Amino acid sequence: MFYAVTPLPPHRPIYISPTFENFGYPIEEWLNDSDIWDRVIHPDDRERVLVATRKAMGRADSLDFEYRVVCADGRVLWVRD
């Protein structure tokens, strides 16, 4: 799974791996909806994921943790980032 964004704010996606379609949202939605990521992260994991992501982006570092994503059909999937 790969999600690349512009390095400077506002961080806009520049590439979305086709793997993201497994979540049930079309790639175009990932590219055009800047809030989609915040909405699909499971509510119980959201704050932790967003804080870790912001820190990693600030350091130009990679992420290494697991969290849940809520799919378009309501399924919950664990992902490792």
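Two strands pair if DSSP finds at least two bridges between them. Keep that in mind for the first close-up, which comes, like the others, from a predicted model.

**View A. Strand 3 and strand 4 side by side.** Strand 3 covers residues 66-70, and strand 4 covers residues 76-80. The two run antiparallel and are joined over five bridges. Have a look at V69, which stands opposite L77 in strand 4. Another facing couple is E66 and R80, with R80 sitting in strand 4. As a rule, side chains in a regular strand alternate between the two faces of the sheet.

**View B. The turn between the two strands.** How many residues lie between the strands of this hairpin? There are five, linking strand 3 to strand 4. One residue to pick out here is G74, which takes a positive phi near 95°.

**View C. F20 meets F23.** Across the structure there are eight aromatic pairs. One of them brings together F20 and F23, edge-to-face, with 5.7 Å from centre to centre and 90° between the planes. Are these two rings buried or exposed? F20 counts as buried because its relative accessibility is 2%, under the 20% cut-off. F23 is buried too, with a relative accessible area of 3%.

**View D. W37 meets Y67.** Here is another edge-to-face aromatic pair: W37 and Y67, 6.0 Å centre to centre, with their planes 90° apart. Why does this pair tie together separate parts of the chain? W37 belongs to helix 2 (residues 36-40) and Y67 to strand 3, so the contact connects parts that are 30 residues apart in sequence. W37 counts as buried, at 12% relative accessibility. Y67 is buried as well, and its relative accessible area is 0%.

**View E. Zooming out to the ring cluster.** Which residues do the ring pairs link into a cluster? They are F20, F23, Y25, W30, W37, F65 and Y67. So the rings of views C and D turn up together here, because F20, F23, W37 and Y67 are among the members.

**View F. How confident is the predictor?** For the chain, the mean pLDDT is 82, and 83% of the residues reach 70 or more. Which element has the highest mean pLDDT, and which the lowest? Strand 3 comes out highest, at 94. Strand 1 (residues 3-5) has the lowest value, 56.

Methods: Residues numbered from 1 in each chain as written. Predicted model: local features only at pLDDT ≥ 70, side-chain atom pairs only at ≥ 80, totals over all residues. Heavy atoms only, no water. Phe/Tyr/Trp six-rings, centres within 6.5 Å; stacked < 30°, edge-to-face > 60°. Buried < 20%, exposed > 50% of the residue type's maximum accessible area, 1.4 Å probe, protein only. Helix = DSSP H or I, 4+ residues; strand = E, 2+ residues; numbered from the N terminus. pLDDT = per-residue confidence, 0-100.
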